[in-house]
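Me: Please take a close look at a single part of this structure and tell me how it sits in the rest. Keep it plain, and give the cut-offs as you go.

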Amino acid sequence: LHSAIVTSNYMSESEVTSALWDRVLLRYRVNPLGLPESKRALIDMVLARKMDGDSTYTLSFEQVQTLCDMTSSVRVPEEVKVAMLALLAEFEKVSKRTISDRRFGELVSIVQAAALMKRRMSAKRKDLLLLAHGLVTMGDPMDEVLFADTLKNAQAILEPVVAKPVAPTL
């Protein structure tokens with residue numbers, strides 16, 4: 001299995017769900033639509049998609065495999081490894097959370113993918129900013145503050161990449 005998309009309307013806190021949640025690399029919290037205008041916009045969007053035909057882009061298994069191979073070929077220099085270790089240690093201190101070994105390995109892949117998206121075969125310290133997507137639940141204000149606080153405390157690690165700490169945005 002290369003990837004899976006998980007959706008849930010409910011997430012309880014238990015040892016079992018924590019283990020499952022740890023296996024989800026990128027997490028986004030999406031709140032229900034509240035305003036009638038938002039629901040109307042959703043209806044219009046769905047109907048427009050049906051009239052235009054399938055507007056999704058599909059990758060073949062071979063294309064996904066090629067991207068995985070390319071990502072794993074991206075070099076992570078020692079300077080980036082040292083900065084990553086320091087940033088993750090700071091995140092654990094600020095958040096009072098332990099990053100599992102599994103997630104730690106996945107975070108390396110995020111850094112490699114960040115470099116590849118910029119058409120580079122070597123990671124840079126600025127690629128570490130995308131770690132927010134693997135450390136916190138995007139869309140959760142409390143989680144985003146944790147990462148912003150981590151950046152503020154670890155500013156010396158990332159300078160001159162981060163001129164001032166900012167919360168990650170989508």
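**Helix 7 and its surroundings**

Reply: Helix 7 buries Asp143, Glu144, Leu146, Phe147, Ala148, Thr150 and Leu151. Buried means under 20% relative accessible area, exposed over 50%, and partly exposed in between (1.4 Å probe, protein chains only). This is a predicted model, in which local features need pLDDT of at least 70 and side-chain atom pairs count only at pLDDT 80 or more, while totals for chains, interfaces and linings use all residues. Residues are numbered from 1 along each chain as its sequence is written, and side-chain values use heavy atoms, with hydrogens and water left out.

Helix 7 covers residues 141-153, which is 13 residues. From first C-alpha to last it reaches 18 Å, close to the expected 18 Å (1.5 Å times one less than the number of residues). Its buried residues pack against helix 4 (78-95), helix 6 and helix 8 (155-158); contact here means heavy atoms within 4.5 Å.

Helix 4, one of these partners, carries a salt bridge between Lys93 and Glu90, with the closest N and O atoms 3.6 Å apart (a side-chain nitrogen of Lys or Arg within 4 Å of a carboxyl oxygen of Asp or Glu). The two are about one helical turn apart because they are three residues apart in helix 4. Lys93 is exposed at 57% relative accessibility, whereas Glu90 is buried at 13%.

Helix 6 (132-135) is preceded by a loop from helix 5 (101-117), and Asp127 lies in that loop. Asp127 is buried, at 3% relative accessible area. Its side chain makes a polar contact of 2.9 Å with the side chain of Arg120 (N or O atoms within 3.5 Å, one able to donate a hydrogen and the other to accept it; residues adjacent in sequence count only if both atoms are side-chain atoms). Beyond its neighbours within four places in sequence, Asp127 also touches Val111, Ala114, Ala115 and Ser122.

Helix 5 holds a salt bridge as well: Arg103 and Glu106 meet at 4.0 Å, N to O. They are three residues apart, so about one helical turn separates them. Arg103 is buried, at 4%.

For the protein as a whole, there are eight helices and zero strands (DSSP runs numbered from the N terminus: H or I of at least four residues for helices, E of at least two for strands). Of its 170 residues, 31% count as buried. Among contacts with a separation of 6 or more, 67% join residues 24 or more positions apart.
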